[in-house]
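Good morning. I will go through one structure today, starting with a whole chain and ending with a few single residues. Please have the sequence and the model in view.

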Amino acid sequence: MQLTVWTYEGPPHVGAMRVATGMTGVHYVLHAPQGDTYADLLFTMIERRDARPPVTYTTFQARDLGTDTAALLQDAIQDAYDRFQPQALLVGASCTAELIQDDPAGLAKALDLPIPVINLDLPSYQRKENWGAAETFYALVRTLADTTVERSPMAGRRPRANLLGPTALGFRHRDDVTEVTKLLGQLGVDVAVTAPMGASPADLARLGDADFNIVLYPEIADTAARWLEKTFGQPTVRTVPIGHGATSDFVREIAALTGIDAAPLLRSNPSRLPWYSRSVDSTYLTGKRVFIFGDATHAIAAARVAADELGFTVVGLGCYNREFAKPLREAAARCGVEALITDDYLAVEEAIAASACELVLGTQMERHIAKRLRVPCAVISAPVHVQDFPARYSPVMGFEGANVLFDTFVHPLVMGLEEHLLTMFRDDFEFNDAAGASHLPAAEAAAVIVPVAANDIEWTPAAEKELGKIPFFVRGKARRNTEKFASERGLVAIDLDTLYDAKSHYAR
Amino acid sequence: MTVAVLDRAADLPARLPPVLRERGQREVFCGLTGIVWLHRKIQDAFFLVVGSRTCAHLLQSAAGVMVFAEPRFATAIIEERDLAGLADANEELDRVVDRLLARRPEIKLLFLVGSCPSEVIKLDLSRAASRLDAKHGETRVLNYSGSGIETTFTQGEDACLAALVPEMPAAAPGAAPSLLVVGALPDVVEDQFRRLFADLGIPAVFTLPPRRAADLPPVGTNTRFLLAQPFLGDTAAALEDRGATHLPALFPFGVDGTTAWLRAAAAAFDIAPDHFDRVVAPGRARAARAIARHRDRLAGKTIFFFPDSQLEVPLARFLANELGMVPVEVATPYLHRAHLAADLAALPAGTQLVEGQDVDRQLDRVRAYRPDLAVCGLGLANPLEAAGIATKWSIELVFTPVHGFDQAGDLAELFARPLDRRDRLAV
């Protein structure tokens, strides 16, 4: 048993729902008790979908157990087919139904429906949401892709690619697909099928017709892409185009694969990020300590953007999906930090607090941690929140995505000149931190959380007063550094000299 | 003890409208959801769900946002190896509880909350609770089931409160009569009712649940209790088993409901009617004024209730009688005929009642009726709005203070707002 306060991923059947809801013409019959219907609100509320997810729940109750849950399931499958007339049907069990072993596959088969019926065997007590999505997409692709498709000759036409991985309830999937499709169009590559999002079973049938596959979200599409590679001999593009550098690599990889000349596109200054980052106002971003946590794909991409494209220092990097621990460890090693692979929210909170970071790039969960620690934060990954489905166009992939990431990572920080002004006027009567936010006239100043020293080092009143002049957002770090400096030198009291000795010791 | 004031309940059998019973796919939360408000109410209690990742995901999705650093609820997620043998699962649970209580020594009451998977594998949480209770002297350990195969949404609160009843101290024999208000109410509402009862002259007033676990009220044959919520059937039965007497009344929504509810208590404590009238007059006037502001917008509008919180019948009664709305269908997951007797009798004649659910058929009907407002769960709201039907999310009715005189206007406003919004928008 695992004690869990908050969870980064839902159960695997929610992953299956994300695939089914993203597609058209698919219906999912889920053998599950009534409480499991909560999952609908993820789609209708968080993503603001205007239709119910295409899911029928059997909603069996205690009185049905041991009598006729199997009949209930069979009726539900028949009713769902009659009412919704899908082109393909998914059947499966949630955690509770898995225990009663009603054999959804056998019951569905006995109905002899005139459409493909795909059984999903998703072990709820071992696996989680992303794995469930990947397995469902793989099962759909394997069942529905027409293996007799013959690709037309390349001569006289543009290359064609499948875009794999976007689902319902995905972090910025909607806009990423638009952006990557546009980018491919500029390169001269057509999108054959985008799946699961927007695809029908008939679309999956013609997956083999594309020249190659692009895995946008490895967490969801990698398993299916491997099967397509093996079955149709389609090469796979695995560079995830998040950030200016990664998008450029993505373009080069496709250029190499198709023989297209990408140089003109890359020379055209396709994103503003490089210049924005080199402009003088960005100087203050140099060496900002950033802690990154999310799904492996987004965390790894964010680390590259943070370090190489904004000049931050990555002080922590982690992911919650163990399936992708290997690439994350490699990325952490490149940043010179130890990888944090965990789905324990409290462990993440502890690591963030210990890192003394100045910016957190995380999920909605880290946003709450950062708020408590009074550290700025930007959201870069699922799990998602209603705010992660903005009304405006806001991809994180492609060159426009790089622009979005620049703004996303930079705007939570205190701006360059503003930071200097804060320091210059720190004793100003309406500008000091005891006065509260200037735009909130009646707001009380929030208490600054300062960890108490674990040892018995004392601060002299003069040093304590001087510490108070340091802007609040770096004061905690200054206090910790000074105490560490003092304790390493066996000092029992911190005076003005100790404070400034420590400052020069830790100066970068 | 029988109270004379039943507010039109006497002619109930003749008027009880026909009830359509449905059984099909349900679209409603399970009883675990109650933890979201119960843990705020009982401030030193911790709720440990023994369940699956789905349970944990439901709780954080239903809570909407993760506001609390370390909330006073968590899930002990059953894993593959726990399913191998029950002995293991019990040892694992002990280990999880040890770790939890070591980390949170301030917890005085720990609920082990059963879930669908724990029920199906027949993990005996009542034995686990008594074992852990003996082990952890400082913390009382109790259990109840919030599983979706046994409880629907608000029934989780019923199960939780029913588990508290045997823990309540016995009132001394011959103790003066006391009043017990049953059902979790926001503190502000609870305090308003306390002031009213004090003004009426009812000396001993207790609440279940209490704000702190140590303050469980006494119960005995001189206890009279009012139900603040219509979904507390098991709790009421458990209180009656301990000798307490239920004071039947309308539920305290709106002017009529709140007046009748308070009057049931006043009558049981022999409060003079003219004193009662004097005490409630200011509240009645304030409520009537606040409600009147919304009457124009709501009068004559049709309303359709999907089955969800079990508040549907008293709310339909309030909206029909005090705001002039027309309930076209009032569905509820479970109809407690005795507790709802007065409210049922006060519904407009011919109101279609539905017990249970078949969501696809209900959606067919709501599309056919095209009501001015549909009250439904979060999963259905946006799809109905997209189909041109204004909605009110029912979960707001359990998260928002809506009981009593001083919330009557707020309650009316909850239903008026979606219509107001439609009138304002020009996009």
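**Chain A, some cysteines and a proline**

Let me begin with a caution: this is a predicted model. The question to ask of any such model is how confident the predictor was. What does chain A average in pLDDT? The average is 90, and 91% of the residues score at least 70. There is a weak stretch, though. Over residues 436-453 of chain A the pLDDT is below 50. In the model that stretch has 15 contacts beyond near neighbours in sequence, so please read those contacts with the low score in mind, as pLDDT is the predictor's confidence in each residue.

Now the general build of chain A. How many helices and strands are there? The count is 21 helices and 16 strands. Along its principal axes, the C-alpha trace spans about 85 × 65 × 45 Å. Of the 508 residues in chain A, 57% are buried. Take the contacts in chain A between residues at least 6 apart in sequence: 72% of them join residues at least 24 apart.

Next, the surface and the charges. Chain A exposes about 21,200 Å², and carbon and sulfur atoms supply 52% of that area. The chain carries 48 positive and 64 negative charges. The mean positions of these two sets are 5 Å apart.

On to the cysteines. How many disulfides are there over all chains? The count is zero. Take C95(A) as an example. The nearest cysteine sulfur belongs to C55(B) and is 5.9 Å away. A disulfide needs the two sulfur atoms within 2.5 Å, so a pair at that distance does not count. C95(A) is also buried, with a relative accessible area of 1%.

Is C160(B) buried or exposed? C160(B) is buried, at 0% relative accessibility. Why is C160(B) not in a bond with the closest cysteine sulfur? Because that sulfur, in C30(B), is 14 Å from the sulfur of C160(B), which is too far.

Last, a proline in chain B. Where does P248(B) lie? P248(B) sits in the loop between β9 (245-246) and α11 (254-268) of chain B. With a relative accessible area of 26%, P248(B) is partly exposed, because the buried class stops under 20% and the exposed class begins over 50%. P248(B) and R21(B) are 227 residues apart in sequence, and their C-alpha atoms are 25 Å apart in space.

That is the end of my part.

How values were computed. Residues numbered from 1 in each chain as written. Chains lettered and ligands numbered in written order. Predicted model: local features only at pLDDT ≥ 70, side-chain atom pairs only at ≥ 80, totals over all residues. Heavy atoms only, no water. Buried < 20%, exposed > 50% of the residue type's maximum accessible area, 1.4 Å probe, protein only. Helix = DSSP H or I, 4+ residues; strand = E, 2+ residues; numbered from the N terminus. Contact = heavy atoms within 4.5 Å. Areas by Shrake-Rupley, 256 points an atom, 1.4 Å probe, with all protein chains shown as cover. Lys, Arg positive; Asp, Glu negative; His and termini not counted. Charge placed at Lys NZ, Arg CZ, Asp CG, Glu CD. pLDDT = per-residue confidence, 0-100.
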